[in-house]
Amino acid sequence: MKLSIVYHSESGNTEKAAEIIVNAIEQMDGIEVKAMNINNIDENFINESEAVIFGSPTYCGTCSWQMKKFLDTSGTLKLDGKLGGVVITENFIGGGADFAEITLMGCLLVRGMMVYSGGVKQVPTHFGAVLIKDGDEYQINKTKIFAQKFAKRALELFN
Ligand SMILES: Cc1cc2nc3c(=O)[nH]c(=O)nc-3n(C[C@H](O)[C@H](O)[C@H](O)COP(=O)(O)O)c2cc1C
């Protein structure tokens with residue numbers, strides 16, 4: 001099973017979050033995982049993926065305009081029927097990451113994806129993973145657990 005992480009990152013924090021997710025999922029059997037910047041995507045790999053996690057910085061209390069534009073203009077990507085999730089970085093607690101996640105999730109639902117946040121058992125990731133800048137130890141650990149819960153759910157659904 002293939003799993004993609006598609007992210008926007010200008011100063012590297014969201015890219016680091018994507019790397020944390022890749023490293024966590026690589027430890028699991030049965031999944032080929034690949035992270036890609038929105039400026040350099042592997043469209044075939046995404047189309048062949050059963051699950052996609054989207055990553056974005058928070059800009060003005062929501063997802064970045066670049067990530068929104070990517071989703072608005074990527075109509076040829078096959079997302080329908082796949083499992084979708086989100087990871088967001090922000091500078092400040094309460095800086096808008098939750099709203100960024102909800103905004104992205106809305107786009108994923110419109111594209112026909114099934115959305116999974118990981119929920120609040122084991123660790124709370126209410127709408128998905130959130131890191132302040134590139135995250136402290138607690139946030140990084142939560143992101144790893146989110147990644148593995150998300151991948152496990154994808155395996156249950158598609159393997
Ligand atoms: C234009 C702009 C707007 C931003 N707005 C917010 C914001 O509303 N809330 C917040 O917590 N951080 C905000 N930030 C900080 C970024 O979300 C944060 O540094 C993020 O981790 C950057 O991700 P990147 O390193 O992957 O580019 C903003 C940054 C920029 C450049």
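A residue counts as buried under 20% relative accessible area, as exposed over 50%, and as partly exposed in between. Lys 133, with 42% relative accessibility, therefore counts as partly exposed. That yardstick comes up again and again below. What you're looking at is a predicted model. The chain has 5 helices and 7 strands, and buried residues make up 52% of its 159 residues.

**The chain as a whole**

- Starting at the N terminus, you meet the elements in the order β-α-β-α-β-β-α-β-α-β-β-α.
- A compact globule with 159 residues would have a radius of gyration near 15 Å, and the chain comes in at 14 Å, so the two agree.
- If you line a box up with the principal axes, the C-alpha atoms fill roughly 35 × 35 × 25 Å.
- Take the contacts between residues at least 6 apart in sequence: 76% of them join residues at least 24 apart.
- The accessible surface of the chain adds up to about 7,600 Å², and carbon and sulfur atoms own 51% of that.
- On the charge side, there are 15 positive and 19 negative side chains, and the centres of the two sets sit 4 Å apart.

**Strands and how they pair**

- Strand S1 covers residues 2-7 and is mostly tucked away, with 5 of its 6 residues buried.
- S1 teams up with strand S2 (residues 32-37) in the parallel sense, over 6 bridges.
- To find a spot in that pairing, look for Ile 5, which stands opposite Ala 35 in S2.
- Strand S5 (residues 83-90) and S7 also run parallel, and 4 bridges join them.
- Here a handy landmark is Glu 90, which stands opposite Ile 132 in S7.
- In a regular strand, side chains alternate between the two faces of the sheet.
- Strand S7 (residues 129-132) shows this alternation: Ala 129 and Leu 131 point to one face and are buried, while Val 130 and Ile 132 point to the other and are not.

**Two alanines in helix H5**

- Ala 154 lies in helix H5, which spans residues 137-158, and Ala 147 lies in helix H5 too.
- Ala 154 has 0% relative accessibility, so it counts as buried.
- Ala 147 also has 0% relative accessibility and therefore counts as buried.
- Setting aside neighbours within four places in sequence, Ala 154 is in contact with Met 1, Ala 51, Leu 83 and Asn 159.
- On the same terms, Ala 147 is in contact with Ile 21, Ala 24 and Ile 25.
- Ala 154 and Gly 84 are 70 residues apart in sequence, yet their C-alpha atoms are 9.3 Å apart in space.
- For Ala 147 and Ile 53, the gap in sequence is 94 residues, and the C-alpha to C-alpha distance is 8.9 Å.

**Glu 43 in helix H2**

- Glu 43 lies in helix H2, which runs over residues 43-48.
- With 31% relative accessibility, Glu 43 counts as partly exposed.
- Not counting residues up to four places away in sequence, Glu 43 touches Thr 76 and Leu 77.
- Lys 78 is 35 residues from Glu 43 along the chain, and the C-alpha atoms of the two are separated by 8.9 Å.

**Two loop residues with a positive phi**

- Most residues other than glycine have a negative phi.
- Cys 60 isn't a glycine, but it has a positive phi of about 50 degrees.
- You'll find Cys 60 in the loop between strand S3 (51-59) and strand S4 (62-63).
- Because its relative accessibility is 86%, Cys 60 counts as exposed.
- Lys 133 isn't a glycine either, and its phi is positive at about 50 degrees.
- Lys 133 belongs to the loop between S7 and H5, and at 42% relative accessibility it is the partly exposed residue from the opening.

Note on methods: Residues are numbered from 1 along each chain as its sequence is written. This is a predicted model: local features need pLDDT of at least 70, side-chain atom pairs count only at pLDDT 80 or more; totals for chains, interfaces and linings use all residues. Side-chain values use heavy atoms; hydrogens and water are left out. Helices (H or I, at least four residues) and strands (E, at least two) are DSSP runs, numbered from the N terminus. The radius of gyration is taken over C-alpha atoms; the globule rule is 2.2 Å times the number of residues to the power 0.38. Buried means under 20% relative accessible area, exposed over 50%, partly exposed in between (1.4 Å probe, protein chains only). Contact means heavy atoms within 4.5 Å. Accessible areas come from the Shrake-Rupley method with a 1.4 Å probe; for residues, only the protein chains shown count as cover. Lys and Arg count as positive and Asp and Glu as negative; His and the chain ends are not counted. The place of a charge is taken as NZ of Lys, CZ of Arg, CG of Asp or CD of Glu. Two strands pair if DSSP finds at least two bridges between them.
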